[in-house]
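Trainee: Got a minute to go through a structure with me? I'd like to talk about how the chains sit against each other.

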Protein chains: 4
Amino acid sequence: MDSKHQAGLQFPVQIRFDDIDSYGHVNNVTFLTYLQDARVQLIHRSLGSAAGAGAAEEDTFHDLVGKDNFALVGRHEIEYLQPLNFRPVPVYVNIWVTSVGKSSFEFGYAVAEQDGAKIYAQATSGMVLMNKATDKPIELTQAQHHALQEWSGAPVEFRRRPKPRNA
Amino acid sequence: MDSKHQAGLQFPVQIRFDDIDSYGHVNNVTFLTYLQDARVQLIHRSLGSAAGAGAAEEDTFHDLVGKDNFALVGRHEIEYLQPLNFRPVPVYVNIWVTSVGKSSFEFGYAVAEQDGAKIYAQATSGMVLMNKATDKPIELTQAQHHALQEWSGAPVEFRRRPKPRNA
Amino acid sequence: MDSKHQAGLQFPVQIRFDDIDSYGHVNNVTFLTYLQDARVQLIHRSLGSAAGAGAAEEDTFHDLVGKDNFALVGRHEIEYLQPLNFRPVPVYVNIWVTSVGKSSFEFGYAVAEQDGAKIYAQATSGMVLMNKATDKPIELTQAQHHALQEWSGAPVEFRRRPKPRNA
Amino acid sequence: MDSKHQAGLQFPVQIRFDDIDSYGHVNNVTFLTYLQDARVQLIHRSLGSAAGAGAAEEDTFHDLVGKDNFALVGRHEIEYLQPLNFRPVPVYVNIWVTSVGKSSFEFGYAVAEQDGAKIYAQATSGMVLMNKATDKPIELTQAQHHALQEWSGAPVEFRRRPKPRNA
């Protein structure tokens, strides 16, 4: 893969017939579904070596978030690099963390072949840790911060992003 | 509505039960489906007053693109401002054009109440006019350019976009 | 319309670009989504003249079911009569009740043009009223029974149902 | 598994977060998507031992249908036996053929655990082989008939089917 992210967190996604639109490709919206599933799978798997102080290896990030809080999707940015066709073998979503703030963090993704030889789309999602009762952001705990840092990789280098306009 | 875009191109979207995820809100991915439908509806309606030289009022932008070319979705950027719940009455997608280049253009959107009193999400989509035979970008015609200019409005002022990193 | 059901309970459905599959028609699975939305809309509208003893006109069937119970989808049967293409104007789902039992009832549907001139699909759904705490069927109340009877129409005459095999 | 069908044709299905509805289970409509994917996978895999006279082992049923014809979904019947929750491990769709006619055939399905210990739903789909040019049914070839017979299993014994009404 031509980017510098860690390839370790990689989830296969089965392409469904229903993912294909009338142009014959995986619809652009469906890619966001793939990202969502990678996110859900990452959050529900055991932390393993990403467990820091205050967390056990068998804990998941979902456990660390707990029942009183939730991780809100604040934004997405995605660009499409190659059309993806239906096929019986899965496509892969690489997911990593591109930045961690006080109460927010960002996922980076590449929807790609398993070996990274071809990238179909790359994306980021801005996440905010929220408290359910107050509906306001709360600070990441040390254990959460640790896990996110363990998953961290390079920023996504978008190629199609419009140039900033002069103010 | 607090943004400066023209509200004229506004399409209602019926919320489906299936749009609601296990958190009880319209799923973040589903918003992109709403944008897609606004785009499809805009492209398939008669140009009317947006028809310039080389186009008739009853033509659609889809007609102007023609059978040899297609408008490719190059990228999306979306941010979520308020949760959207299921309801029997439609939500509205405002769609306009934020910029026009040689062979590319950008849509801006707000998913909002009809009167703009509440905005649930705002977004942009980078589009590229492509030739089917060569699979390469081609220049927008004068008539296409004219229509896009007629639909033009203010850039989307994203509030959640991460600050650019220093190189 | 060639069937004998009451046309009164009719809900428009916006066709989405995403409903169209790679064959260029509304995908067969998507029709079930349309039925689901008709069902949800019927259940959440005011009973009006379907309100019997123990119910107010502004109550919905959802209100009559209450928070302790829910209506379970036990089965669906659907047959496809005509392909349905994308179009900006809605298609219509007619929904009525074909039978009412002790704790179960059946919806009948026709996905059709508003005037019934063309039927794209017809279907039934077997529903069971369930108690959340016991997860067992409970009997319909008199008010529920009354509303369902008010919505009753003819059985769906399936044309493609396989003949029963000899035992 | 308590039914008599052959378990050989079994396809795993990844459950997506998006499959879960606001009740917290896989939505009833989504099961039809699972059936569709099993069908697509069966039709696109090599016939292997199901290849008869006029077909090679590496041919697929899709190859046998050819470009001039297509297999139309005429009807579905499905019943729900157990709620299915989100989980990272796949659920399995067993698919087989319950009957073969002149130009039509029927698939049977069970959405179940891999070992058949738990069945979430069972279903049938009536299929018709159609000619694209005439849009009329055409007869199954000998090779198609052979493959379908190789995949044949017991009829689906629906438990929730309404009793036939007296005429």
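What follows is a short chat about helix packing, symmetry and contacts in this predicted model.

Trainee: How are α1(C) and α1(D) oriented to each other?
Mentor: Start with the geometry: helix α1 of chain C and helix α1 of chain D, residues 28-44 in each, pack with their axes 9 Å apart and at an angle of about 175°. Anything over 145 degrees counts as antiparallel, roughly speaking. So α1(C) and α1(D) are roughly antiparallel.

Trainee: Which residues of α1(D) make the contact with α1(C)?
Mentor: On the α1(C) side you've got Val29(C), Leu32(C), Thr33(C) and Gln36(C). Taking both helices, the contact residues split into four nonpolar, four polar and no charged. On the α1(D) side, they are Val29(D), Leu32(D), Thr33(D) and Gln36(D).

Trainee: What kind of axis relates chains C and D?
Mentor: Laying chain D on chain C takes a turn of 180° and a shift of 0.0 Å along the axis, with an RMSD of 0.0 Å. The two copies are thus related as by a two-fold rotation axis.

Trainee: And which residue of chain D comes closest to that rotation axis?
Mentor: Both copies use the same surface, by the way, with 95% of the contact residues of chain D recurring in chain C. As for the axis, the C-alpha to look for is at 2.2 Å, and it belongs to Glu77(D).

Trainee: How many residues of chain A are in contact with chain C?
Mentor: The side of chain C that touches chain A has two nonpolar, three polar and two charged residues. Seven residues of chain C take part, and on chain A the number is seven.

Methods
Residues numbered from 1 in each chain as written. Chains lettered and ligands numbered in written order. Predicted model: local features only at pLDDT ≥ 70, side-chain atom pairs only at ≥ 80, totals over all residues. Axes fitted to C-alpha atoms, helices over the stretch in contact; angles between N-to-C directions. Helix = DSSP H or I, 4+ residues; strand = E, 2+ residues; numbered from the N terminus. Parallel < 35°, antiparallel > 145°, perpendicular 65-115°, else oblique. Contact = placed C-beta atoms within 7 Å. Nonpolar A, V, L, I, M, F, W, Y, C, P; charged D, E, K, R; others polar. Least-squares fit on C-alpha atoms with pLDDT ≥ 70 in both.
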